[in-house]
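Subject: Structure for you to look at

Hi,

Here is the structure I promised to pass on. Have a look at it first, and then read my notes below.

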Amino acid sequence: MSSKDQFVFTLRGGLKMPALGLGTYAPKEDDDDVFNAVHTAVKVGYRHLDCAAIYRNEIAVGSAIKKLIIEGTVQREDLFITSKLWNTCHRPDLVRASLKKSLDDLGLKYLDMYLIHWPMAYKEGGEFHPRDENGKVLFSDVDYVDTWKALEDCVDEGLVRNIGVSNFSSKQLQRILDKARIKPQINQVECHLHLSNSKLQKYCQENGVVLQAYAPLGSSGNKTEPPPKCLEEPVLLEIAKAKNKTPAQVTLRYLLQRGLSLVPKSVTPQRIQENFQIFDFELSSDEEKQLQNLNKDFRMHTEDM
Ligand SMILES: NC(=O)c1ccc[n+]([C@@H]2O[C@H](COP(=O)([O-])OP(=O)(O)OC[C@H]3O[C@@H](n4cnc5c(N)ncnc54)[C@H](OP(=O)(O)O)[C@@H]3O)[C@@H](O)[C@H]2O)c1
């Protein structure tokens, strides 16, 4: 269980996705921080980057990728790069242009993965968060099953190799699975020690979908919130001490051993490295059980970025 090569998912068409990726949602940081984080991460060994149009930093991510390629650290094919379709662009005729915008910002010819970021659609237009005069979000009635067909067309065109969803329940995913010509490969959802999402994981496994954990360290993603509380659980601290690893490393290793993909975010070079050093130790089934017992079905993320 010690080699990182064992934690790779083989997707449609034989495409390989490393289970561990770098998250790039950095609401408190500027573009230089994100550029440096991506550059550091790939130098350290990460080959999987999780991006999105709504993170508003795909140009910075793209600049780092360009630099890494020019320096000879990696070639484009060595990287697995995900982006996400924002809620205002679910209408089928808007999908290709949104994907192209992410590609242009990232400086890429193709993506490895494109996800529908959330199941609900917002009113189309320039604003990421369209609201009425009372501040209420304006929705659109586009059905994500129709959005999915437009994503399939983007695969046919070679703009993206694989497609998936994010923040979908099993019911919502089933509606796509029932109609899909190209099956979703990933469902990226909030998942950490306080939110195991194990029922959804079982459903995904039975349907050939990889469950990918976002906020794996338990961050609320909120600009003003303190650091993740999950990392302070006494049981976790004890296991970390016994293993001579940090609480973050034990958490990430636990999620890996559960068979998940995960995309922890950090802009701190030492933590980026720390979060990658999870392939040289193993948790026993008793330790796994203790960590499993920390689940509270506690969700922090709603769509309010
Ligand atoms: N699909 C979706 O709707 C969705 C929603 C949210 C997030 N995501 C994706 O998932 C990624 C990760 O989620 P997230 O950023 O919300 O939360 P996270 O990865 O659980 O936690 C990130 C926070 O933990 C800190 N941190 C990182 N490594 C640490 C370590 N070793 N020890 C202690 N603290 C550590 C980071 O600080 P520093 O950066 O300061 O080091 C940051 O404050 C995002 O970046 C994004 O790519 C997707």
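Let's start with helix α1, whose buried residues pack against β3, β4 (48-50), α2 (58-71) and α9. Before going on, please keep in mind that this is a predicted model: local features need pLDDT of at least 70, side-chain atom pairs count only at pLDDT 80 or more, and totals for chains, interfaces and linings use all residues. Residues are numbered from 1 along each chain as its sequence is written.

A few terms, too. Helices (H or I, at least four residues) and strands (E, at least two) are DSSP runs, numbered from the N terminus. A residue is buried if 20 or more other C-beta atoms lie within 10 Å of its own, exposed if 12 or fewer, and partly exposed in between, with C-beta atoms placed from the backbone. Two residues are in contact if their C-beta atoms, placed in that way, lie within 7 Å.

Back to α1. The buried residues here are V34, F35, A37, V38, H39, T40, A41 and V42. The 14 residues of α1 should span 20 Å at 1.5 Å a residue, and its end C-alpha atoms are indeed 20 Å apart (the expected span is 1.5 Å times one less than the number of residues). After α1 comes G45, with a positive phi near 135°.

T40 is a good residue to click on. It lies in α1 (residues 31-44) and counts as buried because 20 other C-beta atoms are within 10 Å. Which residues does T40 contact, leaving aside its neighbours within four places in sequence? They are P269 and I272. T40 and I272 are 232 residues apart in sequence, yet their C-alpha atoms are 7.5 Å apart in space. P269 is in helix α9 and counts as partly exposed, because it has 15 C-beta neighbours inside 10 Å. Another pair that links distant parts of the sequence is P269 and V44: 225 residues apart along the chain, 9.3 Å from C-alpha to C-alpha.

α9 turns up again at the ligand. This helix (residues 269-276) gives the largest share of the shell around the ligand, 3 residues. There are 30 residues around the ligand, and G23, L217, S219, A248 and K265 come nearest (near means that the C-beta atom, placed from the backbone, lies within 6 Å). By type, the shell divides into 12 nonpolar, 14 polar and 4 charged residues. For that split, Ala, Val, Leu, Ile, Met, Phe, Trp, Tyr, Cys and Pro count as nonpolar, Asp, Glu, Lys and Arg as charged, and the others, Gly among them, as polar.

Now the sheet. It is open and has 8 strands in the order β3-β4-β5-β6-β7-β8-β9-β10, with parallel pairing (two strands pair if DSSP finds at least two bridges between them). At the edges are β3 (22-23) and β10 (261-262), each pairing on one side only. Strand β5 (residues 80-85) is joined to β6 by 4 bridges, and K84 stands opposite L115 in β6. L115 also has a bridge partner in β7, namely G164; β6 and β7 pair over 5 bridges. Because 6 of the 7 residues of β7 are buried, that strand is largely enclosed by the rest of the structure.

Further along, 5 bridges join β8 (residues 186-190) to β9, with N187 partnered by L211. In β9 (residues 210-214), 5 of its 5 residues are buried: V210, Q212 and Y214 on one side, L211 and A213 on the other.

Helix α4 (residues 144-156) is worth a look as well. Its 13 residues reach 19 Å from first C-alpha to last, close to the expected 18 Å. The buried ones are Y144, T147, W148, L151 and C154. Seen down the axis of α4, they fall within an arc of 105°, so they line one face of the helix (the arc is that of the directions from the helix axis to the C-beta atoms). They pack against α3 (92-106), β6 (111-116), β7 (160-166) and α5 (170-179).

Last, two backbone oddities. Most residues other than glycine have a negative phi, but N167 has a positive one of about 65° and N244 one of about 60°. N167 sits in the loop between β7 and α5 and is buried, with 20 C-beta neighbours inside 10 Å. N244, in the loop between α7 (234-243) and α8 (247-257), is exposed, with 8 other C-beta atoms within 10 Å.

Cheers
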